[in-house]
Amino acid sequence: MSEAVDTEEFLPAYETESARRAWRRRTSLEMIVSGLIGLVTSFVLSIEAWQLAADSSARFGCDISSVLSCSAVAQTWQARILGFPNAFLGIFFEAVVLAISVAIFAGVRFPRWYMLGTNLLYTIALFFAFWLFGQSYFIIQVLCPWCLLITLTTTLVFGGITRINIRDGVIPVPAILRRSVAQGLDWALWGLIVFVVLAMVIAKYGLKLLG
């Protein structure tokens, strides 16, 4: 079956089609905002990568302290995992999901295989973002503010595309989980992840973040 499952059998019977469309528009709008922030951030990081390539001693406005420094992280091998700046991958991932988010906001319904592929693509992006965060946090022990922002926006975009796919039946889950997603309860999970990341940073570095 190539088309997305579009049954509402597990959702409130009183919910109108208009309300369902509004739900999708709200979720896609959240993804658009997060995707735009991630895309702009990736562009900034790519520009800084070119500047560092020309001058390894270059310093940037995001070099706030000894533990918050874009340039320090950008000069590690983890910042070029595939041989080129990771920011280029960020531009690719963000551009793809941003285009899809805008289309969903406009009312486009993609085939099931397409939405599953998008979810898989952004699952890879999410794991990559958190792998980089783990490398910065535990190994390099210096954080890039822009990279941290991308980690957070990637989490929110992943949450958005996953909740749409669960609610639409693209990803088969138990009825109670689908109903919870339809009611927006899953955002507690994504909010908790963001909170944990920020709490880890503050707990480890504290006032060192400021200088």
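Among contacts in the chain between residues at least 6 apart in sequence, what percentage join residues at least 24 apart? The figure is 78%. Keep that in view during the tour, which runs through a predicted model.

**Whole chain**

Start with everything selected and the cartoon on. The chain holds seven helices and zero strands, so reading along the sequence gives α-α-α-α-α-α-α, with helices assigned as DSSP runs numbered from the N terminus. The C-alpha trace spans about 60 × 35 × 25 Å along its principal axes. Of the 211 residues in the chain, 49% are buried. Switch to a surface: the chain exposes about 10700 Å², and carbon and sulfur atoms supply 72% of that area.

**Residues 24–165**

Select residues 24–165 next. An unreviewed UniProt entry annotates this span as "domain: Vitamin K epoxide reductase". The span is 75% helix and 0% strand. Show the C-alpha atoms at its two ends; they lie 10 Å apart.

**Helix 3 and Ile104**

Select residues 86–105, which make up helix 3. This helix has 20 residues and reaches 28 Å from its first C-alpha to its last, close to the 28 Å expected at 1.5 Å a residue. Just after helix 3 comes Gly107, with a positive phi of about 100 degrees.

Stay in helix 3 and pick Ile104. Is Ile104 buried or exposed? Its relative accessibility is 2%, so Ile104 counts as buried, the limit being under 20% relative accessible area. Show the side chains around it. Leaving out residues up to four places away in sequence, Ile104 touches Arg24, Ser28, Phe110, Met115, Ile161 and Ile164. Then add Ile32, which is 72 residues from Ile104 along the chain; the C-alpha atoms of the two are separated by 10.0 Å.

Select Arg25 and Phe105 as sticks. The charged end of Arg25 sits over the ring of Phe105, 4.0 Å from the ring centre.

**The loop at Gln141**

Move to the loop between helix 4 (112–140) and helix 5, where Gln141 lies. Most residues other than glycine have a negative phi. Gln141 is not a glycine, yet its phi is positive, at about 60 degrees. With a relative accessible area of 42%, Gln141 is partly exposed.

**Helix 5**

Now select residues 145–167, helix 5. What should the 23 residues of this helix span at 1.5 Å a residue? The expected span is 33 Å, and the end C-alpha atoms are 33 Å apart, which agrees. Colour the helix by accessibility: 18 of its 23 residues are buried, so helix 5 is largely enclosed by the rest of the structure. Gly169 follows helix 5, and its phi is positive, near 85 degrees.

**Aromatic rings**

Finally, show Phe, Tyr and Trp as sticks. Rings pair if their centres lie within 6.5 Å, and by this rule the count comes to 12 aromatic pairs. Which residues form one aromatic cluster? Select Phe133, Tyr137, Phe138 and Tyr205. Tyr137 also has a charge over its ring: the charged end of Lys204 sits there, 4.4 Å from the ring centre.

Technical notes: Residues are numbered from 1 along each chain as its sequence is written. This is a predicted model: local features need pLDDT of at least 70, side-chain atom pairs count only at pLDDT 80 or more; totals for chains, interfaces and linings use all residues. Side-chain values use heavy atoms; hydrogens and water are left out. Helices (H or I, at least four residues) and strands (E, at least two) are DSSP runs, numbered from the N terminus. The expected span of a helix is 1.5 Å times one less than its number of residues. Buried means under 20% relative accessible area, exposed over 50%, partly exposed in between (1.4 Å probe, protein chains only). UniProt positions are given in the numbering used here, feature names are shortened, and annotations may be inferred rather than shown by experiment. Rings of Phe, Tyr and Trp (its six-membered ring) pair if their centres lie within 6.5 Å; planes under 30 degrees apart count as stacked, over 60 as edge-to-face and the rest as tilted. A charge sits over a ring if NZ of Lys or CZ of Arg is within 6 Å of the ring centre and within 35 degrees of the ring normal. Contact means heavy atoms within 4.5 Å. Accessible areas come from the Shrake-Rupley method with a 1.4 Å probe; for residues, only the protein chains shown count as cover.
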